[in-house]
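Good morning, and thank you for making time for this presentation. Please take a moment with the sequence and the model before I begin.

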Amino acid sequence: MNETLEKIGINTDERYECIYTTIDGDGNKNSAAIGLKYFGEDDIGCRIFEGSQTLKNIQETKRYVVNITQDPMIFTKSTLDKLPKEYFTDDEDIAILKDAGSYIIVNVVDINEQKAENTPIDNDQSIFMIKGKIEKVVVNDESIKAFNRAFSGIIECLVNVSRYKIVDDEKRAEYMGRVIENDRMISRIGNKQSKEVMELIKKEYEKN
């Protein structure tokens with residue numbers, strides 16, 4: 001286990017949502033919100049669907065940066081639009097977020113193309129499994145932890161269960177659909193405690 005990653009909230013049995021930054025051969029920088037899986041030691045990985053600029057840059061340079069941030073604007077702009085250049089450091093050969101709480105520089109060791117399975121995507125689009133080795137971890141602010149995807153799903157379910165008894169049948173069905181989707185996600189990427197919590201939440205929904 002990498003002790004530095006533990007300091008910023010990253011463990012081997014969970015999945016995190018981070019901002020991946022890459023650069024192409026012409027020096028153009030790009031960012032995207034992508035899940036992070038830590039395998040222990042210096043091994044790290046992610047899954048990226050074909051067609052993304054992040055994937056193209058990683059295939060070209062065999063290098064990327066995982067930025068740890070909880071800034072909602074960065075997540076939004078990285079997903080819906082292009083993150084403006086003022087968000088990046090002035091480095092010319094690597095893309096790093098200027099205000100990241102921490103960042104991890106990763107060297108790619110394997111890119112494996114597969115068909116998407118166990119995801120909400122139902123088409124023939126390929127997904128690329130990317131494995132890498134950590135080159136360097138820089139911690140600027142230990143108080144900013146990696147965003148835990150399973151925990152966010154649990155919070156959503158708890159908010160909805162607190163309203164479940166006072167809404168109409170249509171809204172109840174909507175809430176139950178969200179529980180089912182979060183349960184599917186947590187069963188795949190959550191740790192033991194997260195899965196136990198989801199069982200408690202599902203039982204609470206069944207009472208109503």
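How many residues apart in helix α5 are Arg184 and Glu181? They are three residues apart, which places about one helical turn between them. Please bear in mind throughout that this is a predicted model.

The side chains of Arg184 and Glu181 meet in a salt bridge, with an N to O distance of 2.9 Å. Neither partner is buried: Arg184 is partly exposed at 23% relative accessibility, and Glu181 is partly exposed at 37%. Elsewhere, salt bridges with shared partners join Lys171, Glu174 and Arg178 into one network.

Let me take that network apart. Lys171 and Glu174 form a salt bridge at 3.3 Å, N to O. These two residues lie three apart in helix α5, which spans residues 169–189, so about one helical turn separates them. Arg178 forms a salt bridge with Glu174 as well, and here the closest N and O atoms are 2.5 Å apart. Arg178 and Glu174 are four residues apart in helix α5, again a separation of about one helical turn. As for accessibility, Lys171 is partly exposed at 31%, Glu174 is partly exposed at 33%, and Arg178 is partly exposed with a relative accessible area of 29%. For the structure as a whole, the number of salt bridges is eight.

I turn next to the aromatic residues. The count of aromatic pairs is three. One of these is formed by Tyr20 and Tyr64, whose rings are stacked, with 5.2 Å from centre to centre and 15 degrees between the planes. This pair links distant parts of the chain, since Tyr20 belongs to strand β1 (residues 15–23) and Tyr64 to strand β4 (residues 63–68), 44 residues apart. Both tyrosines, Tyr20 and Tyr64, are buried.

A further pair consists of Phe75 and Phe147. Is it stacked or tilted? The planes of Phe75 and Phe147 stand at 55 degrees, with the ring centres 6.4 Å apart, so the pair is tilted. This pair, too, links distant parts of the chain: Phe75 is in helix α3 (residues 72–80), Phe147 is in strand β7 (residues 147–148), and their positions lie 72 residues apart in the numbering. Their surroundings can be stated in terms of accessibility: Phe75 counts as buried at 16%, whereas Phe147 is partly exposed, with a relative accessible area of 36%.

There is also a contact between a charge and a ring. The charged end of Arg172 sits over the ring of Tyr164, 5.0 Å from the centre of that ring.

My last topic is helix α4, residues 149–161. This helix has 13 residues and reaches 19 Å from its first C-alpha to its last, close to the expected 18 Å. Which residues of α4 are buried? They are Ala150, Gly153, Ile154, Cys157, Asn160 and Val161. Viewed down the axis of α4, these buried residues fall within an arc of 125 degrees, and therefore they line one face of the helix. Among the elements that cover the buried residues of α4 are β1, β7, α5 and α6, the last of these being residues 192–207.

To draw these parts together: strand β1 holds Tyr20 of the stacked pair, strand β7 holds Phe147 of the tilted pair, and both strands are among the elements that cover the buried residues of α4. Thank you for your attention.

Technical notes
Residues numbered from 1 in each chain as written. Predicted model: local features only at pLDDT ≥ 70, side-chain atom pairs only at ≥ 80, totals over all residues. Heavy atoms only, no water. Salt bridge = Lys/Arg side-chain N within 4 Å of Asp/Glu carboxyl O. Buried < 20%, exposed > 50% of the residue type's maximum accessible area, 1.4 Å probe, protein only. Phe/Tyr/Trp six-rings, centres within 6.5 Å; stacked < 30°, edge-to-face > 60°. Lys NZ or Arg CZ within 6 Å of the ring centre and 35° of its normal. Expected span 1.5 Å × (residues − 1). Arc of directions from axis to C-beta. Contact = heavy atoms within 4.5 Å.
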